[in-house]
Amino acid sequence: MSDQPRRMFLSAFTISSPGHQSMGMWKLPGDKSHEYKSLKYWTDLAKRLDRGGFDTLFVADVLGIYDVYQDSPDPALKNAAQVPILDPVPAIAAMASVTENLGFGVTVALTYEQPYSFARRMSTLDHLTDGRIAWNIVTSYLDSAARNMNLDGQIPHDERYDIADEFMDVCYQLWERSWDDDAVVRDAEAGMYTDPSKVRGIEHKGKYFTVPGMALCEPSPQRTPVLFQAGASSRGQEFAAKHAEMIFLISGDTTTLRRSVDKIRAQAEEVGRGREDVRVLAGVTVVVAETDAEAQALYKQYKEAGSWDGGLVLFGGWSGVDLGALPSYEPLDHADSNSIRSAADMFGGAGKSWTAEQLGKYIAVGGATPVIVGSPQTVADELERWMDEGDIDGFQFASVHMPYTYESITELVVPELRRRGRVPEERTGGTLREKLGFKSPLLQGHPAEVARTS
């Protein structure tokens, strides 16, 4: 049995907006999150992460606005709570052109896509990144998005996942089965670029989608992009166990995290996949400095800058619960609403008494993610504890202060993790799937493999 420490995968967790998980930090001196509109902002970030040992840059997205809090979009606009926001896709190719190893996870809500055109977009990105693209599969959770996408409101939760299952089936057929590996022959003498006998339509006719034709792209390096998923509900976890290669979880403690991880790995086995066919990343926020005291002082500065009503904007979007109608000082466990009490229990555990203002201040630094504060050694100790106790494979690091958050992690934390053997000095070549330790093409038992061989 090897004594080699378990490999820790590192992913940066950000968004194409001046506000992501931490509210009000755009006001900090030196913060550059307002430069999110600049391509240089993204290429500089990608180069730093690539040099600094990160495996992926995971770009979140929301299609819609957080308008539950105070029943208005105004607090979200005031606090830059994931608005204004750009489409995360266009910057990917530019970031790939200035990096060698970094993978790119991009969030796209399939509920508002057509699989035929979407499959081409992902194949295009996979070609342009030399096989370093990942797709974060989401079904969207904001009612404002549904209302602006020609719907009266959100499609019911479980039906969104039924649609998602069929959407994935169509994409797998387009990516894996439509074109043979050797379909493109470029035979100048015969005047044939692509051999028509090696390309076929998928003839899909289902409940939600009809796609008879062939894929428009020749096979990309990965064919199917690496598949991320972050579903926390029972139906979402069932979907993740079937499809996802990388699963993103947020949990307040390692005991709760371990229960979720064990369930996901068991579900993967139940659908014919291996327990280790799924990599699990936990969301964290790290505040690090040379010493514990300096890190605590920095954390204090962040808490003072944090916008508590901005935190409640995020809470409203995540939970569907508007705390704006309650006095900011009233304990939430006194509120005459089970939904308010249960939603507040997401943070800090059942039995903790919150006021709305306290909850907003808590969320304002790190959002829903746990916050780890300290020196490089202290942070590395905590990351190892979470990894070992939670049986996870790595972390999604949310930003607080841009670009300092990722500067400090790459310059202080990653070298410590390398000394401990958790992060390799050199990365392997190949596609993102191969860099993450998976076999390519997808493993036996995955639905994409089934589509390829059917």
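# Exercises on rings, a helix and unusual backbone angles

Phenylalanine 58 and phenylalanine 228 are both buried (under 20% relative accessible area, with exposed over 50% and partly exposed in between, for a 1.4 Å probe and protein chains only). The model is predicted, so local features need pLDDT of at least 70 and side-chain atom pairs pLDDT 80 or more, while totals for chains, interfaces and linings use all residues. Residues are numbered from 1 along each chain as its sequence is written, and side-chain values use heavy atoms, without hydrogens and water.

**Exercise 1.** Classify the ring pair of phenylalanine 58 and phenylalanine 228, and state which strands hold the two residues.

*Solution.*
- Step 1: Rings of Phe, Tyr and Trp (its six-membered ring) pair if their centres lie within 6.5 Å; planes under 30 degrees apart are stacked, over 60 edge-to-face, and the rest tilted.
- Step 2: The structure holds 16 aromatic pairs. In the pair of phenylalanine 58 and phenylalanine 228 the centres are 5.2 Å apart and the planes stand at 70°, so the pair is edge-to-face.
- Step 3: Strands (E, at least two residues) and helices (H or I, at least four) are DSSP runs, numbered from the N terminus. Phenylalanine 58 belongs to β2 (residues 56-60) and phenylalanine 228 to β9 (residues 226-229), so the pair ties together parts 170 residues apart in sequence.

**Exercise 2.** Compare the span of helix α6 with the expected value, and state how many of its residues are buried.

*Solution.*
- Step 1: The expected span is 1.5 Å times one less than the number of residues.
- Step 2: Helix α6 (residues 157-177) has 21 residues and should span 30 Å; its end C-alpha atoms are 30 Å apart, which agrees.
- Step 3: Of these 21 residues, 16 are buried, so α6 is largely enclosed by the rest of the structure.

**Exercise 3.** Locate the cis peptide bonds that precede proline 84 and proline 403.

*Solution.*
- Step 1: The bond from valine 83 to proline 84 is cis, with omega near 0°. Proline 84 sits in the loop between α2 (74-79) and α3 (91-97).
- Step 2: The bond from methionine 402 to proline 403 is also cis, with omega near 5°. Proline 403 is in the loop between β13 (394-398) and α14 (404-419).

**Exercise 4.** Describe the phi angle and setting of arginine 223 and aspartate 391.

*Solution.*
- Step 1: Arginine 223, a residue other than glycine, has a positive phi near 60°. Its loop runs between β8 (210-211) and β9, and arginine 223 is buried, at 10% relative accessible area.
- Step 2: Aspartate 391, not a glycine, has a positive phi of about 55°. Its loop lies between α13 (376-390) and β13, and aspartate 391 is buried, at 15%.
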